[in-house]
Amino acid sequence: DELAIKLGQDPVDFRLAQMDEHYPRLSACLERVRELAKKRPLPKGKGYGRGFACGIYEHRCYVAASADVYIDEETQKIKVEHMCCVEDVGIAVNPGQLHAQMESNLAWSVGMALLERFEVGDNTIKSSNFDNYTIPRMEDMPSVDIDIIDQPSIPPAGAGEVALIAGTPAIANAVRQASGFRALSLPISYDDLKSS
């Protein structure tokens with residue numbers, strides 16, 4: 001996104017131009033996730049942003065994600081409202097399980113982007129269990145749209161953590177669009193936005 005912003009270009013168009021037909025499966029994921037996101041218009045007004053990201057996992061799995069965020073000045077919270085994700089992992093042997101895995105990766109993406117912070121202090125690990133390590137709860141989970149590009153002629157490539165490489169940066173890019181804040185470390189907090 002940083003390069004696209006500097007050049008005054010749409011971040012998705014910029015990515016697609018850089019792929020230049022060298023990565024047709026990744027391009028297909030990104031184009032499809034953009035179409036999914038368009039079906040749900042981003043609300044007008046201050047505090048809303050939409051970000052996109054894509055990537056290749058272990059040289060064989062392709063993924064793209066979008067994230068819609070709302071930065072609420074009254075509650076001083078960053079809320080991921082909606083996410084879209086498209087994956088191409090070769091033949092989808094069990095599409096239902098793949099869909100569930102993608103959803104869980106998006107939940108984890110929310111945690112990585114906004115909530116999960118490993119605390120160390122006084123020569124001890126302070127984040128020792130779930131009572132002192134924040135993970136996403138139901139209230140943190142956005143609505144999601146999932147799409148799978150099935151490739152029956154390509155062997156299955158696995159899908160364990162594929163969506164993570166696009167979900168978390170899509171959220172960071174959405175926060176950037178909504179606030180102007182460029183995250184250089186995670187998780188992103190409302191206080192980070194105020195200090196920028």
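**Entry 1: the main core.** I began with the largest nonpolar core, which has 35 residues, and I171, V175, I188 and L193 are the ones that touch the most other members. I then looked up which elements feed this core: β2 (61-72), β3 (77-88), α4 (95-115), β6 (143-148), α5 (164-179) and α6 (190-195) each give at least two residues. A note to self: this is a predicted model. I also jotted down that in soluble globular proteins nonpolar side chains tend to be buried together.

**Entry 2: around I171.** I asked what I171 is in contact with, leaving aside neighbours within four places in sequence. I found A67, V69, V80, M83, S109, V110, A113 and L114. A second, separate core turned up as well, with 15 residues that include L16, M19, L36 and A37.

**Entry 3: helix α2.** Next I turned to α2, residues 11-19, where V12, F14, R15, L16 and M19 are buried. Among the elements covering these buried residues I noted α1 (2-7), α3 (24-38), β1 (48-57) and α5. I checked both ends of the helix too. At the start of α2, a side-chain oxygen of D10 comes to within 3.0 Å of the backbone nitrogen of V12. Just after α2, D20 has a positive phi of about 45°.

**Entry 4: L36.** Helix α3 holds L36, and I wanted to know whether L36 is buried or exposed. L36 has a relative accessible area of 12%, under the 20% cut-off, so L36 counts as buried. Setting aside residues within four places in sequence, I saw L36 in contact with C84, C85, V86, D145 and D147. I also looked up L36 and M83, which are 47 residues apart in sequence while their C-alpha atoms are 9.5 Å apart in space.

**Entry 5: H82 and P142.** I found H82 in strand β3, buried at 4% relative accessibility. The side chains of H82 and S143 are joined by a polar contact of 2.6 Å. Beyond four places in sequence, H82 touches R40, S66, A67, D68, P142, S143, V144 and D145. That list led me to P142, in the loop between β5 (124-125) and β6. P142 is buried, with a relative accessible area of 7%. Not counting residues up to four places away, P142 touches V80, E81, H82, M83 and V110.

**Entry 6: salt bridges.** How many salt bridges does the structure hold? I read off 13. I looked at D88 and R25, whose closest N and O atoms are 2.7 Å apart. This pair links distant parts of the chain, with D88 in strand β3 and R25 in helix α3, 63 residues apart. Both partners are buried: D88 has a relative accessible area of 0%, and R25 has 19% relative accessibility. R60 and E58 make another salt bridge, at 3.0 Å from N to O. Here R60 is partly exposed at 39%, and E58 is partly exposed at 44%. For R117 and E119 I noted a closest N to O distance of 3.9 Å. R117 is partly exposed at 37%, as is E119 at 35%. Finally, E2, R176 and R182 are joined into one network by salt bridges that share partners.

**Entry 7: a surface patch.** I ended on the surface, where F118, V120 and I125 form a nonpolar patch with about 330 Å² of accessible area together. V120 belongs to strand β4, residues 120-121. I checked V120 and found a relative accessible area of 56%, which makes V120 exposed.

How values were computed. Residues are numbered from 1 along each chain as its sequence is written. This is a predicted model: local features need pLDDT of at least 70, side-chain atom pairs count only at pLDDT 80 or more; totals for chains, interfaces and linings use all residues. Side-chain values use heavy atoms; hydrogens and water are left out. Patches are made of residues with over 30% relative accessible area and no salt bridge: like charges are joined within 9 Å, nonpolar side chains (Val, Leu, Ile, Met, Phe, Trp, Tyr) within 5 Å. Accessible areas come from the Shrake-Rupley method with a 1.4 Å probe; for residues, only the protein chains shown count as cover. A salt bridge is a side-chain nitrogen of Lys or Arg within 4 Å of a carboxyl oxygen of Asp or Glu. Helices (H or I, at least four residues) and strands (E, at least two) are DSSP runs, numbered from the N terminus. Buried means under 20% relative accessible area, exposed over 50%, partly exposed in between (1.4 Å probe, protein chains only). A nonpolar core is a set of buried Ala, Val, Leu, Ile, Met, Phe, Trp, Tyr and Cys residues joined through side-chain atoms within 4.5 Å. Contact means heavy atoms within 4.5 Å. A polar contact is a pair of N or O atoms within 3.5 Å; within protein, one must be able to donate a hydrogen and the other to accept it, and residues adjacent in sequence count only if both atoms are side-chain atoms.
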